[in-house]
Amino acid sequence: MAFEPPRRLVRALGETASAPDGEDWLARLPEAAERAVSLRGLSAERVQVPGGRSSLVVLVRAADGTPAVLKLAPRRARPEAERVALAHWGGRGAVQLREEDAVEDGVLVLERLHPDVSVRSLPEAKALLEAAGTLRRLWVEPPGGHPFETVAERTGRQAEAMRAGAAVDAEVAPLVSAALGAREELLAAPPEVRLLHGTFRQSKVLAGERMPWLAVGPDPVVGETAFDLARLVRDRVEDLIAQPSGASTTRRRVKRLAESLEVDQERLRGWTLFRAVESGVRARRVGREKDAELLLEFAGWL
């Protein structure tokens, strides 16, 4: 079969075309997918569409007919860090590795979940509840000698890009200043050390057979749980913005999620602000103006 990358993946990689492995990785992708399937004796069914923004996902079957997923990702997506995190979780709250040892760089073989059914398909209150319960199971001590970035390291890189964005865009400068100030205060306290999903949201929680809901697609990082929960706060941001009571709904969501997962409410608010502004500035930088407007308006409510 043809392993054509979905348009969403092509567009996302194009937004960061300056990265050394962007266009080259895309050009080699069909051949790499064919080789990965052949090497493992898999039968390819179809490429998952629309798929994600950082990897190619192929639905496959093993020689014995067992359904599985083949995932190929460029180096920038840190697939080997994902492998280590998934192995450490061992299927508890997250998708399970079917191939724990790396056979090829950037290739993961995973259990098959229901790729078209995420908790985002549930009513909002139920979706948040199920997503939060899944996230709680992932917050464990990281393995010794782990390869993961810390929250301080990751947000440090992001902070530099935010400062550069504010320097050329006076409109975002006040929000960037507030977000960077919040980060500085948050990092002043002794760090909590937990393995975090890193990019958790409702669409990253899929229906499974072993458990009703399992997380996929981590970009693992080590740090405090409030950082991980912050991305979930802004889920369905377009619906929040459309509501007349969006600002008050957001503040209630921060309070409810903080209480349900025993996370400090002010720390959650601070990381939610930082992550929303960082995403908004990045979206504006690559020309996703609608996304940028939504995220920056949301950040202004915090």
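This report walks through two sheets, the helices that lie across them, and one threonine.

First, some ground rules. Residues are numbered from 1 along each chain as its sequence is written. This is a predicted model, in which local features need pLDDT of at least 70, side-chain atom pairs count only at pLDDT 80 or more, and totals for chains, interfaces and linings use all residues, while side-chain values use heavy atoms and leave out hydrogens and water.

Let's start with the sheet of 4 strands. It is open, with the order β1-β2-β3-β4 and antiparallel pairing. Strands here are DSSP runs of E with at least two residues, helices are runs of H or I with at least four, and both are numbered from the N terminus. Two strands pair if DSSP finds at least two bridges between them. At the edges stand β1 (43-47) and β4 (107-111); each has a single partner strand, so one side of each is left without a neighbour in the sheet. From one strand to the next, the twist averages 30°. β1 pairs with β2 (residues 56-61) in the antiparallel sense over 4 bridges, and Arg46 sits opposite Leu59 in β2.

The other sheet is open too, this time with 3 strands in the order β5-β8-β9, again with antiparallel pairing. Its edge strands are β5 (114-118) and β9 (213-215), and because each has a single partner strand, one side of each lacks a neighbour in the sheet. The twist here averages 55° from one strand to the next. β5 and β8 (residues 205-207) run antiparallel, joined by 2 bridges, with His114 opposite Ala207 in β8.

Each sheet has a helix lying across some of its strands, as the table shows. Contact means heavy atoms within 4.5 Å; axes are lines fitted to C-alpha atoms, for helices over the stretch in contact, and angles run from 0 to 180 degrees between N-to-C directions.

| Helix | Lies across | Angle |
|---|---|---|
| α3 (residues 79-89) | β3 (67-72) and β4 | about 35° to β4 |
| α4 | β8 and β9 | about 55° to β9 |

Now for a closer look at Thr134, found in helix α4 (residues 124-138). Is Thr134 buried or exposed? Its relative accessible area is 1%, so Thr134 is buried (buried means under 20%, exposed over 50%, partly exposed in between, with a 1.4 Å probe and protein chains only). The Thr134 side chain reaches the backbone oxygen of Glu130 at 3.0 Å. Setting aside neighbours within four places in sequence, Thr134 is in contact with Gly93, Phe200, Val205, Trp213, Leu214 and Ala215.

Conventions
A polar contact is a pair of N or O atoms within 3.5 Å; within protein, one must be able to donate a hydrogen and the other to accept it, and residues adjacent in sequence count only if both atoms are side-chain atoms.
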